[in-house]
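Biologist: Could you take me through a close look at one part of this model? I'd enjoy hearing how it fits into the whole.

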Amino acid sequence: MMMTDLLAANLTYRGEELEGADDALGELRRSDDIAQDHAALQARMEEDGYLFLPGLLDRDEVLEARQEVLSRLAAEDIVDDENHPLMDGVVWPDRTNTFAPNLAKDNPPLMKVLYDGPMMAFYELFLGGAVRHFDYTWFRAKTPGTGTATTPHYDVVYMGRGTKNLWTSWTPLGDVPLDHGGLIVLEGSHRQVELRRTYGATDVDKFCENEGDAARIVATARDEGRELTAEERTVIHWNSSGQYSNDAIATRRELGGRWLTAEYAAGDLLVFSMFTMHASSDNRSNRIRLSSDSRYQLASQPVDERWIGDDPPIHGIRAKRGMIC
């Protein structure tokens with residue numbers, strides 16, 4: 001992909017054009033040439049905060065997982081397989097969808113892509129030892145429109161209770177041209193010391209137990225095995241979103257660097273750190289954009305219990321921790 005192609009795409013975020021100047025928008029650097037070199041991968045990750053690895057995964061296996069997901073979405077009348085080929089993923093008019101972790105459940109083709117074969121072999125090489133992954137799989141099925149773009153954030157605020165030597169795989173399930181709303185990574189964001197010390201040290205599931213009735217409310221909900229009501233959430237005041245902001249354009253202006261992206265293809269892999277700011281652009285096509293987020297670490301290091309087991313706490317009541325504010 002040439003820079004002129006990237007600029008001509010007129011990428012948007014929630015309806016506003018991303019700045020196209022040379023110091024505002026750019027291409028991801030490819031690392032497929034060092035994909036078998038542990039030391040080079042580690043050095044590149046330290047430098048860039050991400051590794052873009054085109055063609056690392058088995059394209060046929062990725063497309064098999066895509067077919068399984070699209071079949072489910074067609075059954076839910078989100079994808080139109082009556083007037084278009086299923087694998088095109090054309091969305092019925094006025095259908096809206098974005099976060100769909102249910103599509104990862106009981107999905108053997110997807111599990112093979114994410115937790116077997118080339119993916120696991122890569123992490124064993126990259127991390128230099130036995131690897132474990134989270135049991136919970138995040139899945140995105142983003143329909144067209146300006147309301148489904150991912151807001152800028154660090155992953156660590158959602159999963160920072162175990163090792164920080166934890167890595168995200170963003171895996172597109174199908175080709176993702178520029179107008180489909182692929183992932184964008186903020187250049188140099190992993191090296192911003194003050195940002196890591198402040199925003200990067202937050203935990204979306206902590207709350208102030210010394211404010212009002214917060215501790216009693218949480219304890220009662222846990223004892224009763226239920227989630228909090230809207231009224232109870234208002235009393236507790238924890239940060240449930242975790243986003244750095246809701247504006248990717250303003251975030252870049254504030255933090256500097258360029259938003260980096262690419263035209264992704266089935267079989268490509270994008271790996272990044274817990275402290276790499278990322279978001280997505282708008283899906284301006286008529287097709288659904290499918291991708292998964294999965295996490296990997298050395299098996300010997302502490303793991304965030306929110307994402308482990310057959311029934312992980314996720315961000316539910318079992319995940320909440322009180323602190324003195």
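What share of the contacts in the protein chain with a separation of 6 or more comes from residues 24 or more positions apart? And which residues in the largest nonpolar core touch the most other members?

Modeller: Gladly! This is a predicted model, where local features need pLDDT of at least 70 and side-chain atom pairs count only at pLDDT 80 or more, while totals for chains, interfaces and linings use all residues. Residues are numbered from 1 along each chain as its sequence is written, and side-chain values use heavy atoms, with hydrogens and water left out.

Your share is 80%, where a contact means heavy atoms within 4.5 Å. Of the 325 residues in the protein chain, 53% are buried, that is, under 20% relative accessible area with a 1.4 Å probe, protein chains only.

Now the core. A nonpolar core is a set of buried Ala, Val, Leu, Ile, Met, Phe, Trp, Tyr and Cys residues joined through side-chain atoms within 4.5 Å. The largest one has 41 residues, and Leu73, Phe122 and Tyr123 touch the most other members. Several elements supply at least two residues each, including α3 (59-75), α5 (117-127), β6 (138-142) and β13 (289-298); helices are DSSP runs of H or I with at least four residues, strands E runs of at least two, numbered from the N terminus. The biggest contributor is α5, with six residues.

Leaving aside residues up to four places away in sequence, Tyr123 touches Gly128, Val131, Trp167, Thr168, Ser169, Val271 and Tyr296. Another core, of 29 residues, lies apart from the largest one and has Leu11, Met159, Ala248 and Ile249 among its members.

How values were computed
Buried means under 20% relative accessible area, exposed over 50%, partly exposed in between (1.4 Å probe, protein chains only).
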